Amino acid sequence: CMRLSTEQFDRMVADHWRQRVDRALRKAVPEYPAASQELRDAFLTLALDAAEGAGFATEQGAAGYVLGAWYLEPGFESRSSLLGALFKSGIPEFRRLHAMDAWVRSTIAAPADTRAADDALRKAFDMTHAWGRGAAGRA
């Protein structure tokens, strides 16, 4: 009978997750497969660590952060005090992810317009407010 320690099991889970993220990026990001394996490995290490540091605990949250990091670099939240504060808040992950996604899209579209990115973050955040204060509450 083979036994795994908690550390071995955790490492297996982390390796499996890393492989899934790598596969997803190879499918979704045209330039990702052209990068060297060494670059992809270094990027995944940095981006997954940064996603954890940003408070993303679910696969969806971490994957969303990693995708943003591919285009903007790991630690991209340092570009916006508003985004950094959102990551440090205790707000539910799905709201942080939705707002971050809006910020990332706006930043990719207009890299020099940080005000527009922060405005996109605010709007997306407001749209996910519970019980109608967001989109459902505006007719």
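Here are some worked exercises on the structure above.

The model is predicted, so local features need pLDDT of at least 70 and side-chain atom pairs count only at pLDDT 80 or more, while totals for chains, interfaces and linings use all residues. Residues are numbered from 1 along each chain as its sequence is written, and side-chain values use heavy atoms, with hydrogens and water left out.

**Exercise 1. The overall build**

Task: Work out which secondary structure elements the protein chain has, and how many residues count as buried as a percentage.

Solution:
- Start with the elements: the protein chain has 6 helices and 0 strands. Helices (H or I, at least four residues) and strands (E, at least two) are DSSP runs, numbered from the N terminus.
- Read in order from the N terminus, that gives α-α-α-α-α-α.
- Next, the box: along the principal axes, the C-alpha atoms fill roughly 60 × 35 × 25 Å.
- Then burial: 35% of the 139 residues count as buried. Buried means under 20% relative accessible area, exposed means over 50%, and partly exposed is in between (1.4 Å probe, protein chains only).
- Finish with contacts (heavy atoms within 4.5 Å). Among those in the protein chain with a separation of 6 or more, 51% come from residues 24 or more positions apart.

**Exercise 2. Surface and charge**

Task: Describe the exposed area of the protein chain, its charges and its nonpolar patch.

Solution:
- The protein chain exposes about 8,800 Å², and carbon and sulfur atoms supply 57% of that area. The areas come from the Shrake-Rupley method with a 1.4 Å probe; for residues, only the protein chains shown count as cover.
- Now count charges: there are 18 positive and 18 negative side chains, and the centres of the two sets lie 6 Å apart. Lys and Arg count as positive, Asp and Glu as negative, with His and the chain ends not counted. Each charge is placed at NZ of Lys, CZ of Arg, CG of Asp or CD of Glu.
- For the patch, look at M2, L4, F9, M12 and V13, which make a nonpolar surface patch of about 540 Å². Patches are made of residues with over 30% relative accessible area and no salt bridge; like charges are joined within 9 Å, and nonpolar side chains (Val, Leu, Ile, Met, Phe, Trp, Tyr) within 5 Å.
- Zoom in on V13, which sits in helix α1 (residues 6-28). V13 counts as partly exposed because its relative accessibility is 44%.

**Exercise 3. Salt bridges**

Task: Go through the salt bridges R11 with D15, D22 with R40 and D119 with R122, and say where the partners lie.

Solution:
- First, the idea: side chains of opposite charge can pair when their charged atoms come close.
- The rule asks for a side-chain nitrogen of Lys or Arg within 4 Å of a carboxyl oxygen of Asp or Glu. The count comes to 6 salt bridges.
- Take R11 and D15, whose side chains meet at 2.5 Å, N to O. Both lie in helix α1, 4 residues apart, about one turn of the helix. R11 is partly exposed at 48% relative accessibility, and D15 is partly exposed at 30%.
- Move to D22 and R40, which meet at 3.7 Å, N to O. D22 lies in helix α1 and R40 in helix α2 (residues 37-53), so this pair ties together parts 18 residues apart in sequence. Both D22 and R40 are buried.
- Now D119 and R122, with their closest N and O atoms 2.9 Å apart. Both are in helix α6, 3 residues apart, about one turn of the helix. D119 is partly exposed at 40%, and R122 is partly exposed at 45%.
- Last, salt bridges that share partners join D22, R26 and R40 into one network.

**Exercise 4. Loops and distances**

Task: Find where E73 and A112 are, then give the C-alpha distances for A112 to R79 and R115 to V13.

Solution:
- E73 is in the loop between α3 (59-72) and α4 (81-88). Its phi is near 95°, a positive value in a residue other than glycine. For comparison, most residues other than glycine have a negative phi. E73 is partly exposed, at 49% relative accessibility.
- A112 is in the loop between α5 (93-109) and α6, and is exposed at 77%. A112 and R79 are 33 residues apart along the chain, with their C-alpha atoms separated by 11 Å.
- R115 belongs to helix α6 (residues 114-127) and is exposed, at 64%. R115 and V13 are 102 residues apart in sequence and 39 Å apart in space, C-alpha to C-alpha.
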